[in-house]
Amino acid sequence: MNKNFEKKLQDLKKENLFRQRVLKESGSSSKIIIDGKKYLSFASNDYLGMSNNYELQEALSESCKKNGLGSGSSPLISGYSESHKELECLISEFLGTQSTIIFSSGYQTNVGVIKSISEPTDHILIDKLDHASIVDGTLFSKAKFKRYSHNNISDLSKKVNESDKDIIVCVDSLFSMDGDFAKLNEIQKIKKNKDFYLLVDEAHALGVYGSGGRGLCNEMNIPMNEMVGITGTFGKSFGTFGAFFSGSQDVVNFVLQNSRSYIYSTSLPRPIIDATIKSINIVMKENWRREKLFELIEYFKKLVKQHGFNNLNSHSHVQPLVIGDERKCINLSESLYNDGIFIPAIRYPTVEKGQSRLRISLSSEHEKHHIDHLFKNLKF
Ligand SMILES: Cc1ncc(COP(=O)(O)O)c(C=O)c1O
């Protein structure tokens, strides 16, 4: 058998779709050092600058000295500690849910939760632009699934009404590549006519939106009941690593019994959990991070308008500058790199072909002069 990977790789290169990792020496949400050179970065999901926070580092190293590093096992064997339980309780309190379990990553959470809460007879409806982990969760499940047009409430409503099965709707609250918000209020209205299980992935919204960073469900007053679940990750605004699923006591217990990505994977190291607890407490209290980020978003949008760029009308800290053609997007990213600015070109399959873009992630670590510098160097 000849799988001919060499040809496949050549084809990817010809189509400008070959991906390469960048070897960084160090970096934060706004700066990155590559080959000894400092770059202004807009390529991190560390939206509140927590990944380099001194208090988190202290919490991590104290916990490491006390508890060691690895958890040594999956959570149902011996990998579930008092720190894990404390973080679960903190998340439930933070979101106003009954119960929470901590997964090792957001990808594992969505895959594990969707697979375990769905029956083969269910219908799963997902937004066309939902994250790959939601798509993969639905593919793993034995349920039939359909994708509704992006943020198109009448299409969702039509698909809900057409179905005579139990329905699960999965949606990102803030779409990671377009930067727009899910219409959670309108989804809630559809639920009132015909109820379904709503799973909201708050990966990019937690920490930034809602009271104290509680996310968009909180901001839009979505009632937390047995027909709503939330997933989120700690690797973005909270600056650490890991993820969670939160919802009613029963659904969380059920996921704990059934989710293979929970049961058959080593649980997170305790120092990471203790640093995450510290992070959530800081993020809840320190409104200045959100306020600064909101100011930067407004400033960025003003410059987008002045320069006539297409940001898909994003109002969030995720600002796409859509270029379209893959080669043009790579050229622009390379030209920015030569000017000391790091923003990788986002291409297919992360976005559709011909929809290549620079995905600008704003962080409270940025300053207005960083945004000025970026726009000065954007040469189309
Ligand atoms: C919307 C969304 N959900 C889930 C994930 C996965 O989270 P993690 O990086 O913790 O696996 C991501 C990561 O980029 C994401 O953007």
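So, how far apart should the ends of helix H2, residues 54-67, be at 1.5 Å a residue? Before I get to that, keep in mind that this is a predicted model.

Okay, H2. With 14 residues, the helix should span 20 Å, and its end C-alpha atoms do sit 20 Å apart, so expectation and model agree.

Now, which residues of H2 are buried? That would be Leu56, Ala59, Leu60 and Ser63. They take up an arc of only 95° around the axis, which means they are on the same side of H2. Go round to the other side of the helix and you find Tyr54 and Lys65, both exposed. As for what sits over the buried residues of H2, helix H11, 270-285, is part of that cover. And right after H2 comes Gly68, with a positive phi, near 80°.

Let's move on to the sheet. It's an open one, made of 3 strands in the order S11-S14-S13, with antiparallel pairing. S11, residues 318-324, and S13, residues 345-346, are the edge strands; each has a single partner strand, so one side of each has no neighbour in the sheet.

If you want to look at the pairing itself, S11 and S14, which is residues 356-361, are joined in the antiparallel sense over 6 bridges. To pick out one on your screen, go to Gln319: its bridge partner in S14 is Ile360.

Last thing: what lies across S11, S13 and S14? That's helix H13, residues 326-338, and it runs at about 40° to S14.

Note on methods:
Residues numbered from 1 in each chain as written. Predicted model: local features only at pLDDT ≥ 70, side-chain atom pairs only at ≥ 80, totals over all residues. Helix = DSSP H or I, 4+ residues; strand = E, 2+ residues; numbered from the N terminus. Expected span 1.5 Å × (residues − 1). Buried ≥ 20, exposed ≤ 12 C-beta atoms within 10 Å, placed from the backbone. Arc of directions from axis to C-beta. Contact = placed C-beta atoms within 7 Å. Pairing = 2+ DSSP bridges. Axes fitted to C-alpha atoms, helices over the stretch in contact; angles between N-to-C directions.
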